[in-house]
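Open the model in your viewer and keep the selection panel at hand. The tour below goes from one helix to another and says what to select at each stop.

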Amino acid sequence: MYDLIVVGGGPAGLAAANAAWQKGIKKILILERDRELGGILNQCIHNGFGVKTFGEALSGPEYAYRFEKMLEDTGVEVKTDTMVLDIDDDRTVEAVNPTDGFVRYPAKAVILAMGCRERTRGAISIPGTRPAGVFSAGTAQRYMNIDGFMVGKRVVILGSGDIGLIMARRLTLEGAKVLACVEIMPVSSGLRANIARCLDDFGIPLLLSHTVTEIRGDKRVSGVTVQKVDEHMQPIPGTEQLFDCDTLLLSVGLVPENELTKNADISLDPRTRGAYVYENRETEKEGVFACGNVLHVHDLVDFVSEEATFAGEAAADYILNGERPRDCYRVTTSGGVTYTVPQMIRKDSGMKLVNIYMRVNRRVRKGDIVIRAGETEIARYHKENLAPGEMINTALPSVLMQKAEGHDALEVALEETE
Amino acid sequence: MREMTCLECPRGCQLMIDEGTLEVTGNSCPKGEAFARSEITNPMRVLTTTVVIRSRNEKMLPVRTQDPIPKSSMAAAMNYIKNVRVKAPVEVGDIIVSDLADTGVPLIATKRVSE
């Protein structure tokens, strides 16, 4: 019997396992479906990871290596090439791999750390033919950085998420011509720094309020039509431009990978597409925790590690001290707050501060995040330069929650002050 | 006055620099000030890419310059790197090229490939 099984050996799983070990949990197993640990970090060869965690701008593989080194000094067991198939009600994890075949591992606690995957062309339905040469940005990244294949010579990138921006630079360095990065929104969701160093450095145009309206080509992409869109994101007739390209990359967002979670009858929050969790990242199912991009898509790996460390410690606390009473406040949102994690805060959490992470639906220069119980204001946090692409954190002292007594819900709202 | 985005960390401060007095505004830390000054004289970047490796499981070895190199040396550096071949085992931090394209900066491995 394991104390803790961690599903997924990417940044979240590595940090969670390490944190639980440091808290005194000794029988820990990480199950990873890939040949090696590290998850998506292995193909993210660019630097900029770890500025917060390590005070250095590391590449993805280096960042993973730091955590793998920490694990090497522990007794945490790792099984790679292992696919988890199901998690039973009693937290028995069913998995399969080439050495052990089909196996069932009972565990006192389970941490879900499966990460996320990319949205695809199907998810955004572009009209046109179905030729070769259309890739999600992350797939192209894997082909280039792990497998050593060049994906194309003349490239258009749809979407200006960070992976698309990083790939614009990567392709250019390897000799491809990136004709444009096309973004349907009036602002890019990518980090400003990535726009500067991946597009501006190489003179790649960023076409805001534009989208791809047709893919041309028979066997291989021969071009794409790009059109300007109006404020309702509808293409404007007469603005068609034809780009002569052989490749289209899609960088149109990430979705938490929660098939296992769904199969385990753990309900998902439609806003985050991750599980509903308590303040300690425990899901509705006792002893099953979730953290990292499987819970909600994070901006930076540093934040994933931070959340996973917290979840690993919380799982350790559960294993050692048992379940805390589930009497809780539900967290609701309004005024442009699109979601919060956690969605439930125990009345007796045992924590001095409860961090509430959230996103907002628009850019706000100055605004307050207000937490209320009914008509009673519990806390107010002044924030500046809010944007949908940047996660917001408020640290709510537990003592303030006494003001919410008699209520079942805490409302988190955004109020613009300028 | 020149405006730019600081590339020192994910925060991405919008910097303004007076090209005469070299006075920097908009930065939240001293790194931003140094960045802006370097950016108007000799912009520097860390180059990250891959080289071909002979090993059991890996085809490509991720590498980066140990320190930033001049932006103007990027093309020469990439041109040199495309002919570099290495053989496993390689450790994180191993020097792959000691002086990359006359920049004086080494190219280092960023992944361990043990066999």
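Select A:P11, A:A12, A:G13, A:L14, A:A15, A:A16, A:A17, A:N18, A:A19, A:A20 and A:W21 in this predicted model. These are the buried residues of α1(A). Buried here means under 20% relative accessible area. Now widen the selection to the whole helix, residues 11–22 of chain A. Helix α1 of chain A has 12 residues and spans 17 Å from its first C-alpha to its last, close to the 16 Å expected. Because 11 of its 12 residues are buried, α1(A) is largely enclosed by the rest of the structure.

What covers the buried residues of α1(A)? Show β1 (2–7), β2 (28–31), α2 (60–72), β8 (101–112) and α8 (301–321) of chain A, which are among the elements that do so. Then pick A:G24, which follows α1(A) and has a positive phi, near 100 degrees.

Move to chain B and select residues 30–41, which form helix α1 of that chain. This helix has 12 residues and reaches 18 Å from first C-alpha to last, close to the expected 16 Å.

Which residues of α1(B) are buried? Colour B:G32, B:F35, B:A36 and B:E39. Look down the axis of α1(B): the buried residues fall within an arc of 100 degrees, so they line one face of the helix. Add β1 (2–5), β2 (14–17), β3 (24–25) and β4 (44–45) of chain B to see what the buried residues of α1(B) pack against.

Last, select B:P30 and B:T41, exposed residues on the face of α1(B) turned away from its buried side.

Terms used: Residues numbered from 1 in each chain as written. Chains lettered and ligands numbered in written order. Predicted model: local features only at pLDDT ≥ 70, side-chain atom pairs only at ≥ 80, totals over all residues. Heavy atoms only, no water. Helix = DSSP H or I, 4+ residues; strand = E, 2+ residues; numbered from the N terminus. Expected span 1.5 Å × (residues − 1). Buried < 20%, exposed > 50% of the residue type's maximum accessible area, 1.4 Å probe, protein only. Contact = heavy atoms within 4.5 Å. Arc of directions from axis to C-beta.
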